[in-house]
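Work through the following exercises with the sequence and the model side by side, and try each task before reading its solution.

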Amino acid sequence: MALAKLPSATVDGITAAPTTVEVDVANGLPSFSIIGLADKLVDESRERVRSAIKNSGYKFPMSRITVHLAPSEIKKSGTHFDVPIAMSVLLADKQLNKTARLKESLVIGGLSLDGGLQPVRGVLILAEWAKKKGLKNLVLPQENSPEARLIEDINIIPVKSFREIVDWSNATIELAPFIETDYPVSSEGEEIWSQIRGQAQAKRAALIAAAGGHSILLHGPPGAGKTMLAKAMRTLLPKLSKSEQIEVIKIHSVAGLLSPDEAGAFSDRPLRSPHHSASHISVVGGGNSTIKPGEISLAHRGILFLDELPEFPRIVLESLRQPLEDKVVNVARAASRVRFPADFIMVATMNPCPCGWYESGIKECICLPSQIDRYRKKISGPIIDRIDMSIQMVPVSLKELQGKSTVVGNDLADNRQVVKRVWDNSQINYSTMNSGLSPKQISEHCQLNNDAQLLLEAAAKKFVITGRGFHKLLRVSRTIADVNEHQNIEAGDLAEALQYRFRS
């Protein structure tokens, strides 16, 4: 009878908190208890561990077994504790020796009753922690290996069963490291973009929004192509870099939304499109036992598409204020507080009125003035002020729908090159996208020539420009100048930015 310890970690948001799995096998009445602020998911591992050990050909000790997950004040969650608990039980019962392989490895995984391994959440976070800890090997379920492969300088060893881990630890078998494979690449966005007819001005606005990372509101009657353009915008954005891939996969892994194929081929930027009936928690993030990221964090480094914006509950819309400004969301509960990244491009759509045909010139609007006013007031002024760009989309004629797109400058390949060029310049010059320029950076890099300065002064007399609106106007102007390859912001750049500011 003895004590055994193995290093592990618990996932806290998108970071890992060090945890030590301590198991004491002592004389006394047979029992199996887990202490150390473990949630119900970890507490249930007792039965999984018991059955997996017996069905893997080992003896489950009929002793007083105490599992302590230290430190006690940190809440522990996740089925990945199953394997280290089971290994520690065998170590404490002297059925397994702590070999050199085991000392330099992090072992994780959920257990089936027959001893097979089940995939777990948060693998990329645990792999990153193991590397920082100086561990050489990460032993994990086979299904999780495509996700962990993004962390370099650590051996990823996929396994199928608990028995394999024990035999590998004893050096009685050798396990092959993970081998990279080819994964399917989606071309859905390209197909949608190719189907868009007309809407040259809207496509131009989409290009500007994509190049600068600006939030944009598309408004117009039904059938104008708002939803199609919003969904196609993702195809303009550059592929995720290695560091961005790690950020995005961490979030999706914690949320339990990552399949093996997605983990291997996660190069496209995410596009999240919650329904307008989505709850506040599902959009912002939260939960009872474990805080999980919401849609705004799942859209990190990509696009959050809000179709029919006025139909979303007011509490959901107002909760977007802080993430749109700070690019993070703080989710606080009574027992814990988690910060999730939320750096996304918001693309929203709305109709001009409840029936959708107000001032469309196609169909008579049947809404009362009070209904139109009430519909538009569902979106508060502070939210409108946080939207960088707004574009009115008009219905496309039948001739345009039946013909081929011949608009110069809207070729997908050309637009992608423009967006990539602006992104690269922004990272080199500002270390951020144009939409994230600080007031200090705006004063340094958003210089207006004389004509643009005169135009700005005239616009200030005609329109109500808030302090926030002024900064957003200059950020969008900077993006347009970059697209047009102008060193300073010219009058034409500023004039185009002015027309994108929403005015009711």
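**Exercise 1. Determine how helix 2 and helix 3 pack, and which residues make the contact.**

Two packed helices are described by the angle between their axes and the distance between the axes. Begin with the geometry: helix 2 (residues 45-55) and helix 3 pack at an angle of about 55°, with their axes 10 Å apart. Here axes are lines fitted to C-alpha atoms, for helices over the stretch in contact, and angles run from 0 to 180 degrees between N-to-C directions; helices (H or I, at least four residues) and strands (E, at least two) are DSSP runs, numbered from the N terminus. Next, classify the angle: helix 2 and helix 3 are therefore oblique to each other, given that angles under 35 degrees count as roughly parallel, over 145 as roughly antiparallel, 65 to 115 as roughly perpendicular and the rest as oblique. The crossing of these two helices is right-handed, meaning that the near helix is turned clockwise from the far one by less than a right angle. Finally, list the contact (heavy atoms within 4.5 Å): S45, R48, V49 and I53 of helix 2 meet D82, I85, A86, V89 and L90 of helix 3. By class, this contact has six nonpolar, one polar and two charged residues, where Ala, Val, Leu, Ile, Met, Phe, Trp, Tyr, Cys and Pro count as nonpolar, Asp, Glu, Lys and Arg as charged, and the others, Gly among them, as polar.

Before going on, note that this is a predicted model, in which local features need pLDDT of at least 70 and side-chain atom pairs count only at pLDDT 80 or more, while totals for chains, interfaces and linings use all residues. Residues are numbered from 1 along each chain as its sequence is written, and side-chain values use heavy atoms, with hydrogens and water left out.

**Exercise 2. Describe the packing of helix 3 against helix 7, and state how far helix 7 is covered.**

Helix 3 (residues 82-92) and helix 7 (residues 162-169) pack at about 55°, with their axes 11 Å apart, and the two are therefore oblique to each other. Helix 3 passes helix 7 in a right-handed crossing. The contact is made by V83, A86, M87 and L90 of helix 3 together with F162, I165, V166 and S169 of helix 7, which gives seven nonpolar, one polar and no charged residues. As for cover, six of the eight residues of helix 7 are buried (under 20% relative accessible area, 1.4 Å probe, protein chains only), namely F162, I165, V166, D167, W168 and S169. Helix 7 is followed by A171, whose phi is positive, near 65°.

**Exercise 3. Follow strand 1 into strand 2, and then find where L106 lies and what surrounds it.**

Strand 1 (residues 3-12) and strand 2 (residues 15-26) pair in the antiparallel sense over ten bridges, pairing being defined by at least two DSSP bridges between two strands. The two strands form a hairpin with two residues between them, and G13 in the turn has a positive phi of about 70°. P7 has T20 of strand 2 as its bridge partner. L106, in turn, lies in strand 5 (residues 105-107) and is buried, with a relative accessible area of 0%. Leaving aside neighbours within four places in sequence, L106 is in contact with P7, S8, L126, W129, A130, L135, N137, L138 and V139.

Technical notes. Buried < 20%, exposed > 50% of the residue type's maximum accessible area, 1.4 Å probe, protein only.
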